[in-house]
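I opened this entry to keep track of what I looked up, going from single residues to the chain as a whole.

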Amino acid sequence: MRKTYQRRFLRAPFKEPIIYADGENVSQAKTLNISGGGLLLSEIPAFPSRDEVPLLISLPQIPIFRNFTLLKMQTFSKELFPKQVIRLKARVVRREELSLNLENLFTSRFGLEFVMVDPHDQKKIDDYVTSFASNLVYLQALIDAVNYDEQTRTKVRVLSSILGYRDFEKLAQLRSKVYEDYRGLQWL
């Protein structure tokens, strides 16, 4: 099915848990991606239907790796990225049922739109998306040039691991996943 709408914001993969409040209850949810306008939650049975739900996001500060040497890339890990805690409010704009099999029978994906974001926090989100997008484009270029030399192959593995892909994955599978996320960055 072809999408007939244009996204308002560039989005990037974001697979970190977030915390949200539903009245007195505080819960955690998995995420799939984030943009300047919202995020996509996955694998949760329900999400509060109120207009404004408080969220807490721990957003890593990711450097742009394009100009890093292989050695410098190898010294990085996701755990070393400084985290910025962002508090904001969001509302549900889309719900997608995942009942294709018994494992997903009672889970859904929820598209959330940010409704109250401090301008400084908005910049942090935009910076994350821009940095991740730049690194994903660089990883895609490295994958395309993987047959040139051993250093390029090693950079592919190191950068893919830093960006959250499984480093033991076969190159064809990694290429497919990176390409899918690369396509997801686009406006359409």
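I noted the cut-off beforehand: a residue counts as buried when its relative accessible area is under 20%, and as exposed when that area is over 50%, with partly exposed in between. The model I am reading is a predicted one.

**Entry 1: aromatic rings.** I looked up phenylalanine 65, and its relative accessible area is 0%, so Phe65 is buried. I then went through the aromatic pairs, of which there are seven by the rule used here. In one of them, the ring centres of Phe65 and Phe81 are 6.4 Å apart and the planes stand at 50°, which makes the pair tilted, because an angle that is neither under 30 degrees nor over 60 falls in that class. I checked where the two residues lie: Phe65 is in the loop between β5 (53-60) and α1 (70-74), while Phe81 is in the loop between α1 and β6 (83-97), so this pair ties together parts that are 16 residues apart in sequence. Phe81, at 5% relative accessibility, counts as buried.

**Entry 2: a further pair.** Which class does the pair of Phe68 and Phe76 belong to? I found the centres of these two rings 5.4 Å apart with their planes at 55°, so this pair is tilted. For burial, I read 14% relative accessible area for Phe68, which is buried, whereas Phe76, with 25%, is partly exposed. Taken together, Phe65, Phe68, Phe76 and Phe81 are linked into a cluster by ring pairs. I also looked for a charge at these rings, and found that the charged end of Lys72 sits over the ring of Phe68, 4.5 Å from its centre.

**Entry 3: serine 42.** I turned next to strand β4 (residues 38-44), where Ser42 is found. Its relative accessible area is 5%, and Ser42 is therefore buried. When I set aside the neighbours within four places in sequence, the contacts of Ser42 were Lys30, Leu32, Ser108 and Arg109.

**Entry 4: the chain as a whole.** I counted four helices and seven strands in the protein chain, and from the N terminus their order reads β-β-β-β-β-α-β-β-α-α-α. Of its 188 residues, 41% count as buried. I noted an accessible surface of about 11400 Å² for the chain, with 52% of it belonging to carbon and sulfur atoms. Last, I looked at contacts between residues at least 6 apart in sequence, and 64% of these join residues at least 24 apart.

Terms used. Residues are numbered from 1 along each chain as its sequence is written. This is a predicted model: local features need pLDDT of at least 70, side-chain atom pairs count only at pLDDT 80 or more; totals for chains, interfaces and linings use all residues. Side-chain values use heavy atoms; hydrogens and water are left out. Buried means under 20% relative accessible area, exposed over 50%, partly exposed in between (1.4 Å probe, protein chains only). Contact means heavy atoms within 4.5 Å. Accessible areas come from the Shrake-Rupley method with a 1.4 Å probe; for residues, only the protein chains shown count as cover. Rings of Phe, Tyr and Trp (its six-membered ring) pair if their centres lie within 6.5 Å; planes under 30 degrees apart count as stacked, over 60 as edge-to-face and the rest as tilted. A charge sits over a ring if NZ of Lys or CZ of Arg is within 6 Å of the ring centre and within 35 degrees of the ring normal.
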